[in-house]
Amino acid sequence: MSYAVDMCKKTRTWDEMIEDLRILLTSEDVLIEDVEVILKSYVFMFFMRDSDWRSYSHFDDHCYTRNLVDGGNGKYNLMLLCWDMGQASSIHDHAGSHCFMKILDGTLTEELFAPPSELENAQCLEARVEASHDRDGVLYISDKIGTHRVSNPSHSRRAVSLHLYSPPYSVAWLQNLTTVKKELLYIYIVVHRSISHADGPWTVTLFIKKNFTSLFNNWTLG
């Protein structure tokens, strides 16, 4: 007998949210409303220090980071994105995937642009919608809706967001604002693994990425 996700559940811990996402996303079909319900139900518990997103939180002075939380058995990727002050993504698509984003800490600004097929036109490089989202806000975007840019506009506070991509993807198109052309970039993911050692646990950081130079020129994904 397979376990069914309780969609009437009002609140979930970090571990309960991850488990319910795994159960919900076992097929190729993505029920957008159900994913949003599960993401919205997660409640950050300050006292649960060993079982929440903080163990995946790693910042970089040069660029925001994408930290793998769950590979989703090949059906999706769940990642924690850490945005230092003033950091931003480029304008980008999602390679045909669904993209969900939940703000976990701080405030992020999303600028919504035209769909990928229209971005070769310079007139489409103006944001159609721009909105700020505070903690616990949940957003959804796909290539049918448009492309977007995400940023942390604060000069005094970091921000953290949880992103779910289904199906997972390894490349996407970024918009070069100088040449008004789309450029292909490989996605990078940072994987942090704890390894037991006689002197205590070590954390090993593995960078899975390409186009290293672009990483520090703000050609990254949100």
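## Aromatic pairs

Trp 14, Tyr 42 and Tyr 56 are joined into a cluster by ring pairs. The model is a predicted one, and a search of the whole structure identifies 4 aromatic pairs. One of these is formed by Trp 14 and Tyr 56, with 6.1 Å from centre to centre and 40° between the planes, a tilted arrangement. This pair connects distant parts of the chain, as its members are 42 residues apart: Trp 14 belongs to helix H1 (residues 14-24), whereas Tyr 56 is found in the loop between helix H2 (32-41) and strand S1 (65-70). Trp 14 has a relative accessible area of 3% and is therefore buried. Tyr 56, with a relative accessible area of 23%, is partly exposed, because the partly exposed class begins where the buried class, under 20%, ends.

A further tilted pair consists of Phe 100 and Tyr 140, whose ring centres are 4.9 Å apart and whose planes meet at 50°. Phe 100 is part of strand S3 (residues 98-105) and Tyr 140 is part of strand S6 (residues 138-141), so the pair ties together parts that are 40 residues apart in sequence. Phe 100 and Tyr 140 are both buried.

## A charge over a ring

Phe 59 has a charged group over its ring: the charged end of Arg 158 sits there, 4.0 Å from the ring centre.

## Surroundings of Asp 143

Asp 143 is located in the loop between S6 and strand S7 (147-151). How is an acidic residue such as Asp 143 classed, buried or exposed? Asp 143 counts as buried, because its relative accessibility is 17% and the buried class covers values under 20%.

Two backbone nitrogens are reached by the side chain of Asp 143: that of His 94 at 2.9 Å and that of Gly 96 at 2.7 Å. When neighbours within four places in sequence are left aside, the residues in contact with Asp 143 are Asp 93, His 94, Ala 95, Gly 96, Pro 115 and Pro 116. His 94 and Gly 96 thus appear both in this contact list and as the residues whose backbone nitrogens the Asp 143 side chain reaches.

## The buried residues of helix H1

Trp 14, the H1 member of the tilted pair with Tyr 56, is one of several buried residues in this helix. The buried residues of H1 are Trp 14, Met 17, Ile 18, Asp 20, Leu 21, Ile 23 and Leu 24. The elements that cover them include helix H2 and strands S1, S2 (77-83), S3 and S8 (159-166). Strand S3, among these covering elements, also contains Phe 100 of the pair with Tyr 140.

Note on methods. Residues are numbered from 1 along each chain as its sequence is written. This is a predicted model: local features need pLDDT of at least 70, side-chain atom pairs count only at pLDDT 80 or more; totals for chains, interfaces and linings use all residues. Side-chain values use heavy atoms; hydrogens and water are left out. Rings of Phe, Tyr and Trp (its six-membered ring) pair if their centres lie within 6.5 Å; planes under 30 degrees apart count as stacked, over 60 as edge-to-face and the rest as tilted. Helices (H or I, at least four residues) and strands (E, at least two) are DSSP runs, numbered from the N terminus. Buried means under 20% relative accessible area, exposed over 50%, partly exposed in between (1.4 Å probe, protein chains only). A charge sits over a ring if NZ of Lys or CZ of Arg is within 6 Å of the ring centre and within 35 degrees of the ring normal. A polar contact is a pair of N or O atoms within 3.5 Å; within protein, one must be able to donate a hydrogen and the other to accept it, and residues adjacent in sequence count only if both atoms are side-chain atoms. Contact means heavy atoms within 4.5 Å.
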